[in-house]
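This report walks through a few selected parts of one structure for a reader who has not met it before. Please look at the sequence and the model first, and then follow the text.

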Amino acid sequence: MARTPSGADDDIFDLRLARSSPDLFPMLEALYGARPDYPAFRERLTKALRKGWKDRPADLRHLDLKRDLEPDWFQRPDMAGYVFYIDRFNGTLQGILDKLDYLEDLGITYVHLMPCLKPRPGDSDGGYSVMDYRQINPAFGSMADFEAVSAALRARGMSLCVDLVLNHTAKEHAWAKKAAKGDPKYQDYYLMFDTPDLPNRYERNLVEVFPDNAPGNFTHYPEIGKRVWTTFNEHQWDLNWANPAVFLEIVEVMLFLANKGVDVLRLDAVAFMWKRMGTRCQSEPEVHMLLQALRACSRIASAAVIHLAEAIVAPAEMLPYLGRGKHDGKEGNLAYHNSLMVQFWSALATRDTRLMTHVLATHFPDRLTNATYATYIRCHDDIGWAITDEDAAAVGASGHGHRNFLSDFYEGSFPGTFAKGALFQFNEATGDKRISGSFASLAGLERAEASGDVAGVEMAVQRMLMGHALIAAWGGIPLIYMGDELALPNDHGYLDVPEHAHDSRWIHRPRMDWALADTRHSGNTPAARVFWGTRQILARRRATPALHAAVPIRVVPSGNDAVLAFQRLAPTGTLLGLFNFTERWQYVGEAPARALGATVMHDALSDERVETHQGQIVLPPYARVWLT
């Protein structure tokens, strides 16, 4: 594609700079304006943005313009995501190219490659301990291979998401190596202390992320005479975002990745970026100022790129990552809807949607500005039961008791449970327990198949399809974790791998079963049924305009505690979602449903008319309907 004339290039950049300067420079002035080096930093940043734009390939500049004209591109109901580790999917980046037909068959338009930038050798926290932001993990291929994948995805209308870790680098990163050698410039890139006094004061308010494997938040290195802030693991050194040089370095990395064809930057561990004595050092106001400024930089030099903020926190803390108050519409475009996932599993275990209805109706707005959720049922990580004591009490439950019940239920030790998972971490001080497990195994398939329980297998399949129908109807971008579309069970073989055996999260990170995938078009196996059911859900989502993310969503009482109900309030008419969270037949009154907008009684999911019986909508076990 021909490049635009240089003068036009400059004009476009200047227009974008003018557009986003009010979102960028006030944030930077508040963060760094008191520093004597601020004017020089501002000048260097503007030069870096202009260089990023000048280096941008012509086809990506065209995409910038297209998405400027269609700013809701990521909110449309044709967006559906797929998330995987490259090596576990098909070995290498080249291996991905061989499987794009499979993703297209499923209906995928957004592909998240789990950490693929060059990690430290050995334990790398699953790839999140990055030693070079500008190189690909050599186990997966080269940067040229990465660009080939991004181009192939783009040719099929698929967007590419990659992880960019913002809170820390590996201690083997070039910056960290220079810091360890005593270079004061690079020591200021990190949070390093000569004595234990300040670390001990900070530690009084900090939470341990991995208390079993990485207790504490600081690591002492006698060989360099420093204590380094290491929130996650000893080999992950926290960056000092109070230093504007760090901001500039990360912007240059963002633009480099954008120019390699990345559409979505998943900004990892963002909650921890700013430190303040006397606090948890999570989600401080400066974090949101930084994220707004980073978003503005992308809009200036790579307008096609959006940001996904990885913040798995309670609703009140999560929503600001999508822009609230002065940051409304200016911060992250995407954030994970952790509460939807947690409440799905909670309601599934209790067969009661009252807590789910309360949390989703109380804590979330009906719409967001220039942003939406990434919705999911399972991911690569564990499940933490982010249910507050206050929310539990609102429906007459004990928060501590309910969280313990859910851990026991999904670990598989609670009497009568259908689930089979594994415990991940246990904090004796707080009683916090988290759970690992694949979608299929937590939904009951593994236990049912092991016992020859045919009815149990059927219920597990229906639970999985209800989950996929729920995240597809919520209006954000539904994300399917690799293998969930084929009902892959837990991989207990992780215990035989020394570098994985200590971390139960590897139980739900199996290698893709391509032999099983090849059977997806035939037979009546759980794998085939879940694949075809998920494929149909995504197809019907594409055909349903009311599921655009900008359409308001309102969680409403269904009149039956076993059934979740929500409205999508589209201008062309309301869509009413009904989801039966039990293995029993349930009923919802026809008159209340019509009053909530289901005037036609047509199910957009099955594309069939819904017949009522004696004034009741009859819902089979784990039914899911999108009534118009």
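Over how many bridges do E16 and E17 pair, and in which sense, parallel or antiparallel? In this predicted model, E16 and E17 are joined by five bridges and run in the antiparallel sense.

**The sheet**

As general background, the strands of a sheet pair through backbone hydrogen bonds, and the pairing can be either parallel or antiparallel. Here three strands make up an open sheet with antiparallel pairing, and their order is E15-E17-E16. Strand E15 (383-384) and strand E16 (422-427) are the edge strands, each of them pairing on one side only. Helix H17 (residues 399-411) packs on this sheet, where it touches E16 and E17, and its direction makes about 30 degrees with that of E17.

The pairing of E15 with strand E17 (residues 432-436) is likewise antiparallel and extends over two bridges. Some of the bridge partners found in E17 are listed below.

| Residue | Bridge partner in E17 |
|---|---|
| Ile383 | Ile435 |
| Gly384 | Arg434 |
| Phe424 | Arg434 |

Arg434 is thus the bridge partner of Gly384 and also that of Phe424. Because four of the five residues of E17 are buried, this strand is largely enclosed by the rest of the structure.

**A pair of helices**

Two packed helices are described by the angle between their axes and by the distance between the axes. For helix H14 (residues 338-350) and helix H20 (residues 454-473), the angle is about 145 degrees and the axes lie 12 Å apart. The crossing in which H14 passes H20 is right-handed. On the H14 side, the contact is made by Leu340, Phe344 and Leu348, which meet Arg463, Met466, Gly467, Leu470 and Ile471 in H20. By residue type, this contact of H14 with H20 consists of six nonpolar residues, one polar and one charged.

**Helix H22 and its surroundings**

Helix H22 (residues 526-542) has 17 residues, which at 1.5 Å a residue should span 24 Å, and its end C-alpha atoms are indeed 24 Å apart, so the expected and the computed values agree. The buried residues of H22 include Pro526, Ala527, Val530 and Phe531, and, further along the sequence, Ile537, Leu538, Arg540 and Arg541. Several elements contribute to covering these buried residues, among them helix H6 (100-106), helix H19 (445-451), helix H21 (514-517), strand E18 (477-481) and strand E26 (624-627). H20, the partner of H14 in the helix pair, is also part of what covers the buried residues of H22.

Notes:
Residues are numbered from 1 along each chain as its sequence is written. This is a predicted model: local features need pLDDT of at least 70, side-chain atom pairs count only at pLDDT 80 or more; totals for chains, interfaces and linings use all residues. Side-chain values use heavy atoms; hydrogens and water are left out. Axes are lines fitted to C-alpha atoms, for helices over the stretch in contact, and angles run from 0 to 180 degrees between N-to-C directions. A crossing is left-handed if the near helix is turned anticlockwise from the far one by less than a right angle, and right-handed if clockwise. Contact means heavy atoms within 4.5 Å. Ala, Val, Leu, Ile, Met, Phe, Trp, Tyr, Cys and Pro count as nonpolar, Asp, Glu, Lys and Arg as charged, and the others, Gly among them, as polar. The expected span of a helix is 1.5 Å times one less than its number of residues. Buried means under 20% relative accessible area, exposed over 50%, partly exposed in between (1.4 Å probe, protein chains only). Two strands pair if DSSP finds at least two bridges between them.
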